[in-house]
Amino acid sequence: MKIVAICGAGIGSSGILKVNAERVLDRLGIEADVTAADIASVQRVAADAQVILTSAEFVDAIGETRADIVVINNYFDAAELTEKLDAALG
Amino acid sequence: MPLPPLPAEAIVLGASPANWREAVRLAGAALATAGTTLPSYSDEMIRMIEEHGPYVVIAPGLALAHARPGPDVLKDGLSVVTLADPVSFGHPHNDPVNVVIGLAVATAEAHLAFVADLANVFNEESAIPALAAAQSVADVQRIMGVTA
């Protein structure tokens, strides 16, 4: 299972999303490899990903993908992350 | 890896910027004053938002302003700016913003450990309102769990 967290720079916000997604996945008992990346590299990094985690601003820029795009509003809300990841992966 | 030090020079309390650009510029000026970045890093942080939209507003009331590692980043570091008058970044869910964190990382590889600590601070739901209400540099350092 591969998940990619996307932001503009590939640091900072995508890093926080990666860290918190890993915590939620751990609690859900789902094994996954979560990578933080920038929007410019999404097509390469997420080519074999099941899920792309990101903000609404990047959905159009991601372009065509087979991955489920999951938009997170509050990066620190474990309930939102849990609900959306569970829905995408469950 | 703990958060980098957060000296008094990197903290601005009760600012009243006219708009989000000025708010980000305050966070950038604080990073530069603390010796974390060159002043030009402010322009990079603003450019990221102009290019990609207000995605740096990652939680209600909180903007995590940042740009890529580059020559204008001298070392890993943070700044904290609290706003007496919140500003709008144009985010669909998380406006208005009353706390701006400036984030600078020297290398992308090394930053994840310290971002994990940053997540620990803000996974505490009370952290953003507590920062917004902070009355002193010491308050901010205590909430962030860092030393000067």
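Let's start with B:Pro96, which is found in the loop between S3 and S4 of chain B. The peptide bond that leads into B:Pro96 from B:Asp95 is cis, with omega near -10°. As a reminder, most peptide bonds are trans, and most residues other than glycine have a negative phi.

A word on what we're looking at: this is a predicted model, where local features need pLDDT of at least 70, side-chain atom pairs count only at pLDDT 80 or more, and totals for chains, interfaces and linings use all residues. Residues are numbered from 1 along each chain as its sequence is written, while chains are lettered from A and ligands numbered from 1 in the order in which they are written. When I say helix or strand, I mean a DSSP run (H or I with at least four residues for helices, E with at least two for strands), numbered from the N terminus.

Now, the two strands around that loop. S3 of chain B covers residues 77–87 and S4 covers residues 97–104; they run antiparallel and are joined by seven bridges. Strands count as paired here if DSSP finds at least two bridges between them. Two partners to click on: B:Val80 has B:Ile101 as its bridge partner in S4(B), and B:Thr82 has B:Val99.

What is the strand order in the whole sheet? In chain B the order is S1-S3-S4-S2, an open sheet of four strands with mixed pairing. S1 (11–15) and S2 are the edge strands, each pairing on one side only. On average, neighbouring strands are turned by 15° against each other, direction ignored.

Going out to the edges, S1(B) runs parallel to S3(B), with three bridges between them, and B:Val12 stands opposite B:Val81 in S3(B). On the other side, five bridges join S2(B) to S4(B), also a parallel pair. There, B:Ala65 stands opposite B:Gly102 in S4(B).

How buried are these strands? For burial, a residue needs 20 or more other C-beta atoms within 10 Å of its own; 12 or fewer makes it exposed, in between is partly exposed, and C-beta atoms are placed from the backbone. S3(B) has eight of its 11 residues buried, so it is largely enclosed by the rest of the structure. In S2(B), five of five residues are buried. In a regular strand the side chains alternate between the two faces of the sheet. In S2(B), B:Leu62, B:Leu64 and B:His66 point one way, B:Ala63 and B:Ala65 the other, and all are buried.

On to the helices of chain B. H1(B), residues 20–33, lies across S1, S2, S3 and S4 of chain B and runs at about 150° to S3(B). Angles go from 0 to 180 degrees between N-to-C directions, with axes fitted to C-alpha atoms, for helices over the stretch in contact. H1(B) also packs with H2(B), residues 41–52, at about 145° and with the axes 8 Å apart. On H1(B), the contact residues include B:Val24, B:Gly28 and B:Ala32, and on H2(B) they include B:Met45 and B:Ile49. Contact means C-beta atoms, placed from the backbone, within 7 Å.

Now across to chain A. The contact between the chains takes 29 residues from chain B and 21 residues from chain A. Which elements give two or more residues to the side of chain B that touches chain A? They are H2, S2 and H3 of chain B, and H3(B) gives the most, with eight residues.

One chain A element to look at is H1(A), residues 13–28. Its 16 residues should span 22 Å (1.5 Å times one less than the number of residues), and the end C-alpha atoms are indeed 22 Å apart. The buried residues of H1(A) pack against S1, S2, S3 and H4 of chain A, together with S2 and H3 of chain B. Just after H1(A), A:Gly29 takes a positive phi of about 75°.

Finally, please find A:Ser14, in H1 of chain A. Why does A:Ser14 count as buried? Because there are 30 C-beta neighbours inside 10 Å. Not counting residues up to four places away in sequence, A:Ser14 touches A:Ala5, A:Ile6, A:Cys7, A:Ala36 and A:Ala37.

Thanks, everyone!

Key:
Two residues are in contact if their C-beta atoms, placed from the backbone, lie within 7 Å.
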